[in-house]
Amino acid sequence: MRDVVIAGVGMHRFGKHLDRSLKQMGSDAAWAAIDDAGVEPRRIGCAYVGNSLGGLLTGQEGVRGQVILSEAGLDEIPVVNVENACASATTALRGAWLEVAAGTCDVALALGVEKMFVGDTARSLAALAADSEIDLARQGMQFSAVYAAHPKYNLRGRMEQYGWSARDFADVVVKNSRNGSLNPNAQHRRALSAEQVLGSPMISDPLTLFMCSSIGDGAAAAIVCAAELAQQLTDSIPVSVAAIKLRSGRTFTTGDEGFSTLREMVGELYDETGVGPEDIDVAEVHDAMAPIELLVYEQLGLCEPGEGPRLLREGVTALGGAHPVNPSGGLTSRGHPVGATGLAQVAELVWQLRGHAGARQAKERPLVALAHNQGGALAGMDSAAYALTLLMR
């Protein structure tokens, strides 16, 4: 297997874009990545296109990737359509990475795109619910309810066991909204106070509206190429793809409360790469509901169980801290167009590792970055898919 680098990344700003189609947003993000890489389009040997809800919300099925890339003028190359809930874009990146690593091509495109604003919010929410097992969706279980009530997350239990409070959850949003206010690609560019977060409408106790990611439109892309050819193919600053791990969730049964699929994946990642939690200079995590970021701190090994709020209070995960988390603003601030999120995380980390993140630069010279992305829900599971991406400068 060959070493692989990310040569270029690009985004279409996340937000409400009623006048922009899947084709237009995807094309813009793809060309932003191509221009950033400085690679000749004819060198692209294949493309993986992630999209989760396009069939339900736009009616386009089967050949979404081909339709989007034909708009971009990228025809004839092999296109693989990827649908894997909120992990669609990371799964697309994994496919492109494996193609280059295996030697089937030297350059590949990974694209994630989603359009959720279609003039009918109820329809968008119904499509989002369909990213869970249909039996759950028919019971009216939205993702906010799953995160609030699922025994694997057990937010109420943690509040009782560790003394966590709704204010701790609000503080995650305060940090991330401050970061998002500095991000020109973010959907929500307003720094919120804890009082504003706590005062927003209750969605599923203890989650208020501003603790939950919102629907959105947007796209993100990456160009990957063989490391050995990077100097010949591109003038950009390459970022090494050290590892991408993908796994489905484990069925939850009584007595299995202590098991975490994500924690096990993180342990494998650290063992395989020789990296440890102390080495993570910057991270993007899947805070679809803000309190989940506190749980991910534990699963990444940044703190012991129950100590997540302490990291926040001490500024460890702030932009200037030892382990900045979600410098982009995360899902609650940058936004969460489902099929684009994973590659938006990766684009942010590439900019961070290059030192090109501007006012939200997490560290002067970060060396190691980690993205955590997950998606979907099955009965008896906390999530249907988990993905981890480790990048190095």
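This is a short tour of the nonpolar cores, the cysteines and the aromatic rings of a predicted model.

Begin by selecting Ile 6, Leu 69, Leu 93, Leu 109, Ile 223, Val 224 and Leu 391, which are the residues with the most contacts inside the largest nonpolar core, a set of 70 residues. Keep Val 224 highlighted and show what surrounds it: leaving aside residues up to four places away in sequence, Val 224 touches Val 4, Val 5, Ile 6, Leu 93, Ala 96, Trp 97, Val 100, Asp 106, Val 107 and Ala 108. Apart from this core lies another, of 43 residues, and to find it you can select Trp 164, Leu 207, Ile 280 and Leu 312, which are among its members.

Turn next to the cysteines, bearing in mind that the structure holds zero disulfides. Select Cys 86, which is in no disulfide and whose nearest cysteine sulfur, that of Cys 212, is 13 Å away; because a disulfide requires sulfur atoms within 2.5 Å, this distance is too far for a bond. Cys 86 counts as buried at 6% relative accessibility, and Cys 212 also counts as buried, at 11%.

Finish with the aromatic rings, where there are two aromatic pairs. Select Tyr 162 and Trp 164, whose ring centres are 6.2 Å apart and whose planes meet at 35°, so the pair is tilted. Tyr 162 is partly exposed, at 32% relative accessible area, whereas Trp 164 is buried, at 4%. Now add Phe 169, which forms an edge-to-face pair with Trp 164, at 6.2 Å centre to centre and 85° between the planes; Phe 169 counts as buried, with 0% relative accessibility. With Tyr 162, Trp 164 and Phe 169 shown together, you have one aromatic cluster in view.

Note on methods. Residues numbered from 1 in each chain as written. Predicted model: local features only at pLDDT ≥ 70, side-chain atom pairs only at ≥ 80, totals over all residues. Heavy atoms only, no water. Core = buried A, V, L, I, M, F, W, Y, C linked by side-chain atoms within 4.5 Å. Buried < 20%, exposed > 50% of the residue type's maximum accessible area, 1.4 Å probe, protein only. Contact = heavy atoms within 4.5 Å. Phe/Tyr/Trp six-rings, centres within 6.5 Å; stacked < 30°, edge-to-face > 60°.
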